[in-house]
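Work through the exercises below with the sequence and the model open. Each task is followed by a solution in steps.

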Amino acid sequence: MAKQTKSELQTGLIPSVELVSMPKLGFGNRPLAVLSPQTRVVLEALIALLEDSLPPSSRSIKFQEFEAFGTEDHEAWLVDFDIAACYEFIDHSVLAGELILQGANSDAVEITRRTLGAVHGRQIGLPQGVASSHRLSDAYLDVIERSLTRHGYTVGRYADDFRVITHSRKEAFQVIDIAMEEARRVHLALAEQKIHVRKAPEIAADIKKRSGLSEEYTKRVYGDLAKAILVSSGYDDWEVELQEPDQEDVDFAAVKQLLSDWGDPDNARSRAMSHAGIVALSGAKSLGERIPNEILARIVDKEPVRLRKVMEYLLTRTAEADNWKLLNEIAAQERSTPWHKIWLFSTASRLGDNDSTAKTEFLDFASQQLKDSHEAVRLEAAWLLAVNEYITSEEVQSLYSRASRTSQIGLAAVAGRVSQTPYGKADKAIRNDSALNTCAFEWGESFGKDS
């Protein structure tokens, strides 16, 4: 990878990127960048060169720590805000100027600016969903954070979420004005619908309520499952004795009910319920019983961005037929994005052998996605079909002929997985298209043979 990337840089690397939409919590989608391996290597190498000039990562703390920031001061007024479409509007020239001010190597800064410009085709924007972009955005947003600090305020930040501690409501409004002006100075804007001014105890109470929600469900279920039985206490005399339920039964029933309420379409979306639901779903992995498909599908339908969490849970369950049924239910939902398909296909490719009708239906759905307009979706579908022997060499060759460098190496692995020896001319052509293709082809060819 390093050798080929270096060679391409020396001859003029042309970054390859595809944008894939990912659902937001409300309506609308977020554009995620799928970079070619070589482009990703270049960006990560540049971050390594710039490391000494970058601020510490704002993501080095847990988000829960950021949420609690400032709440210990019961007299404080806390201002919360974030940046509207932050990554989309980061100006490469402003970013370069900030890096130079922090003592970065000028050649590394210039290569970074040119690379980002080539990725976006313009001089603004960072690719979303990429680790290198997180570090560069931290450097950019540090300008706003420093300015607020110079005004005498204590500031906390996680990614583009800011919290500022003030001592009066009037001062809180002054902070908003300063933040708007400083954001505008670096060509950004605050997301006005996400600006909040609250007393610290109010936020602390919300956090406490959220953390106690799971406990409330456990207590409620415990009462429902506990049984009152009559026990003889002597001749013709009886006493009532409370028979405690099994703790594992209580845990499962509480998690199941919480998740059911979370996914209920008649219940309004709640941040507290979402947080508790995510925790419950993670805890459900260790429980003996399986959360019903109906509940899991409703969660994804209500909050599509939770698909990843549901897929992670699904991979801990061994009931393969039910797993394939759930994939079909989610694939048929009305709100579907390329991000959905990628997660569904990636998960399906890791499921065990199963000859159910549901599996065949899902593989048929994946076959239809070989015509999807997004090559990242086509690649993930092709790999799923390859590991299940549901795609032909001719179909792989057709996919490769219209692929960019974003997916060519992955398709070389698919070609290796479905190839037959002796290789045909088309297989040889894919395999020998680059040194990386050869590695990927051979990896795909050997995939699963040791198991």
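**Exercise 1: Confidence and overall make-up**

Task: find which elements of the chain have the lowest and the highest mean pLDDT.

Solution. Strand E7 (residues 227-234) has the lowest mean pLDDT, 50, and strand E5 (residues 161-166) the highest, 98. Here pLDDT is the predictor's confidence in each residue, from 0 to 100, and helices (H or I, at least four residues) and strands (E, at least two) are DSSP runs, numbered from the N terminus. Over the chain the average pLDDT is 90, and 94% of the residues score at least 70.

The model is predicted, so local features need pLDDT of at least 70 and side-chain atom pairs count only at pLDDT 80 or more, while totals for chains, interfaces and linings use all residues. Residues are numbered from 1 along each chain as its sequence is written, and side-chain values use heavy atoms, with hydrogens and water left out.

The chain has 20 helices and 8 strands. Of its 451 residues, 49% count as buried (under 20% relative accessible area; exposed is over 50%, partly exposed in between; 1.4 Å probe, protein chains only).

**Exercise 2: A hairpin**

Task: describe how strands E1 and E2 are joined.

Solution. Strand E1 (residues 17-23) and strand E2 (residues 29-35) run antiparallel, with 7 bridges between them; strands pair if DSSP finds at least two bridges. One place to check is Glu18, whose bridge partner in E2 is Val34. Between the two strands of the hairpin are 5 residues, and Gly28 has a positive phi near 85 degrees.

**Exercise 3: The surroundings of Arg402**

Task: is Arg402 buried, partly exposed or exposed?

Solution. First locate Arg402: the residue is in the loop between helix H17 (393-401) and helix H18 (408-418). Its relative accessibility is 42%, so Arg402 counts as partly exposed. Next list its contacts (heavy atoms within 4.5 Å): apart from neighbours within four places in sequence, Arg402 touches Leu370, Lys371, Asp372 and Arg378. Leu126 lies 276 residues from Arg402 in sequence and 26 Å from it in space, C-alpha to C-alpha.

**Exercise 4: Lining of the second largest pocket**

Task: which residues lie nearest the centre of the second largest pocket?

Solution. Leu351, Asp353, Lys359, Val387 and Asn388 lie nearest the centre, out of 18 lining residues. Helix H15 (residues 357-368) gives the largest share of the lining, 3 residues.

Technical notes
On a 1 Å grid over the protein atoms alone, a cavity is a set of points where a 1.4 Å probe fits but cannot get out, and a pocket is an open set with protein on both sides within 12 Å along at least five of seven lines; lining residues have an atom within 4 Å of a point.
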